[in-house]
Each structure stands twice: as structure tokens, then as C-alpha cells.
Amino acid sequence: TKFKEGLQKTTSAFTEKMDDLLRRYKKIDEAFYEELEEILISADVGVTTVMELIDDLRSEVKKQRIEDAGQLKPILSEKLVSLLKGDDTDVELRLNEDGLTVILFVGVNGVGKTTTIGKLAHRLKSQGKSVLLAAGDTFRAGAIEQLEVWGQRVGVDVIKHQAGSDPAAVIYDAVQAAKQRKIDVLLCDTAGRLQNKTNLMEELNKIYRVIGREVPGAPHEVLLVVDATTGQNALSQAKLFGEKTGVTGLVLSKLDGTAKGGIVIAIRNELNIPVKFVGLGEKMDDLEPFDSEQFVHALFA
Ligand code: GDP
């Protein structure tokens, strides 16, 4: 599967160490837990989450009177699946069935925001939906052109203004165009300057107001894109943005580029925001809805 291919780096780092650990310890003792802790932390699962997992595992081992480490694999994978599933019923993309759906993308420059928008446009299009893109990042040099390249690649139009213009005005125009053309889904890019937080928040709030006024109930999703290869940085960005911008879902890009895919687990456990998609490559097909079971299955391949 796509997950298996995309997670190869993580899998080969993690699985080998894990298998080796489970093979070496015939008896589960303190040294075993310490090694397990190290493996999970080196996969970027995050200290908080690792501690919780290990505490959980300890009580399970006691309860079931498990003695051989070899028996722990199914238990550990089950724990990871349930942790990743969390209590969210909301991993599916929220679409407005009665009209225009507006989805806003936020995230720091370079995380893969434009690429993700292109990939999602392609995905929605191949599901038979009409899609329009709004070039709301008027700040970064080249952002508009880059979105246009993706628009051409996947065959969807892009609504744009000049570089430096008011992003809320671009998005207003895009919403009007989407309504006129009876478009199903409008995907809006936004600027990703983190260094200037107050302005960014003001800008986003202005965009929210415009969208909400023009389309009741919109934006239907605010998707934060974070770069999996940045590890714990991705986690802190998700925390920061999540608190301030009303993020409804995460996209974890570049999961194929890291051996530390455990970051998904940390993010899922430490934030109450569902991971909706993962990026598994640079091509238009390389975006997959996040599936906890497939993910854990790939880890323990
Ligand atoms: P933006 O500044 O956030 O819009 O980032 P871009 O969309 O321009 O992406 C930055 C770089 O990351 C580009 O070279 C992309 O091809 C690459 N990229 C984006 N998503 C993925 C992914 O899922 N996997 C890999 N390997 N590369 C990605």
C-alpha cells in the first residue's frame, strides 16, 4: 500500500530495532522498558507520549501476567492504534453537502502547503468534485505562480490578485467565482509568516469574517500543514497554530522523508486535533487520508 511505501524510512529504522528488542528479552524487566523507551523516543514519539505508553504497557503486562517480550507486539500495536484513533470521529474531511465547501490552509512557509493544496485538488477532482483554488498567499515571492503550476498540473483554475495585495480580497473574489461557477470545493492558500504572529492572526481573522459572511458555516475546515521531517518542531507549530487559529485538522507532509514517523503519534496524543491527511511524496497522488491501522501496521511490518 501507499502507507507501506511512504513509511519505509520509519519502518526500517523502527521495525528492526523493535524486532531485535522483542527477540533479545525473554524476560520483561527494567532494562527492557528502558530500551523500549529509547526506541520510541528515537522515532520521535515524544517523551510525554512515550511515558504514557510505557505506563500503560506495564500495567497490561502485570494484568495479563506476560513474561515473554515476544508477546508484546500485538499489545503494543493495539495500544498505538487506539491512541491514534483517540476519541475523534472527525478524521474524514468535512464537506458541505448542500453547496460550496470552503477549506483554508495554514502553516509556515516551506512545510508543503502549496503541494498539499495541489494534491487535495487532484484527489477531490478524481472523486468527481469541481475544485477552485484561491491564491491567498500574496506575501511570499513566487507563491502565486507555484499555485498556478499546480492548478495547471491537476486541471483546476486559480483565482489570484497581484503579489502584495490584500489576501482577504483575493479570497472574497474566489468565493464569488466559486458561487457563480457552482464549484463544489474552494481550497484557499494563506500566507505563512510565523515571525509576525499578530499580523498573521489579524489577517486570518479577516479572512474568516469574509468567508463566514459569504458562505454560512464556512470555513468548513482549517487545515494546518506541518512538516514531519522537522520532528518536535512540527509538534510545537501544531500547538501554536492550533491554539490561535481554530485549526480543525492536520496534514502531516513529507512523512516519506523521515525515519521519525512516530511524530504522528506524539501530535495525535498531545493535541486534540485529528490528523486528516499525510503527505507521502511529491507527486499529485501522494496524499492519503490518515488511517491509524494502516499506519501502525506499516510500523510493525
Ligand atoms: P509551502 O511553502 O508550504 O507551500 O511548501 P511547498 O508546497 O512549496 O513544498 C516545499 C517542498 O516540499 C517542495 O519541494 C515539495 O515538493 C516538497 N514536499 C511537499 N510535500 C511533500 C511530501 O509529502 N513528501 C516529500 N518528499 N516532499 C514534499
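Colleague: What is the relative accessible area of Asp90?
Modeller: This is a predicted model in which local features need pLDDT of at least 70 and side-chain atom pairs count only at pLDDT 80 or more, while totals for chains, interfaces and linings use all residues. Residues are numbered from 1 along each chain as its sequence is written, and side-chain values use heavy atoms, with hydrogens and water left out. Asp90 sits in the loop between α5 and β1 (101–106), where helices (H or I, at least four residues) and strands (E, at least two) are DSSP runs numbered from the N terminus. Buried means under 20% relative accessible area, exposed over 50% and partly exposed in between, with a 1.4 Å probe and protein chains only, so Asp90 is partly exposed at 29%.

Colleague: Which residues is Asp90 in contact with, leaving aside its neighbours within four places in sequence?
Modeller: The C-alpha atom of Asp90 is separated by 9.2 Å from that of Val275, although the two residues are 185 residues apart along the chain. Taking contact as heavy atoms within 4.5 Å, and leaving aside neighbours within four places in sequence, the partners of Asp90 are Pro274 and Lys276.

Colleague: How far apart do the end C-alpha atoms of residues 274–287 lie?
Modeller: UniProt, in an unreviewed entry, lists residues 274–287 as "domain: SRP54-type proteins GTP-binding"; its positions are in the numbering used here, feature names are shortened, and annotations may be inferred rather than shown by experiment. In the model this span is 0% helix and 43% strand, and its end C-alpha atoms lie apart by 16 Å.

Colleague: Why does the pair of Phe3 and Phe290 count as tilted?
Modeller: Rings of Phe, Tyr and Trp (its six-membered ring) pair if their centres lie within 6.5 Å, and planes under 30 degrees apart count as stacked, over 60 as edge-to-face and the rest as tilted. The structure holds 5 aromatic pairs. In one of them, the rings of Phe3 and Phe290 have their centres 6.3 Å apart, and the pair is tilted because the planes stand at 55 degrees.

Colleague: How many residues apart in sequence are the parts that this pair ties together?
Modeller: Phe3 belongs to helix α1 (residues 2–6), whereas Phe290 belongs to the loop between β8 (287–289) and α12 (292–299). The pair therefore ties together parts whose separation in sequence, in residues, is 287.

Colleague: Which residue forms one aromatic cluster with Phe3 and Phe290?
Modeller: Phe290 also takes part in a tilted pair with a centre-to-centre distance of 5.5 Å and 55 degrees between the planes. Phe290 counts as buried at 9% relative accessibility, and its partner in that pair is buried at 0%. The residue that joins Phe3 and Phe290 in one aromatic cluster is Phe295.

Colleague: Which elements do the buried residues of α2 pack against?
Modeller: Helix α2 (residues 8–24) has 17 residues, and the expected span of a helix is 1.5 Å times one less than its number of residues. Its end C-alpha atoms are 24 Å apart, which agrees with the 24 Å expected. Its buried residues, among them Phe14, Met18 and Leu21, pack against α3 (30–42), α5 (72–85) and α12.

Colleague: What is phi of Arg65?
Modeller: Most residues other than glycine have a negative phi. Arg65, which lies in the loop between α4 (47–63) and α5 and is exposed at 72% relative accessible area, has a positive phi, near 50 degrees.
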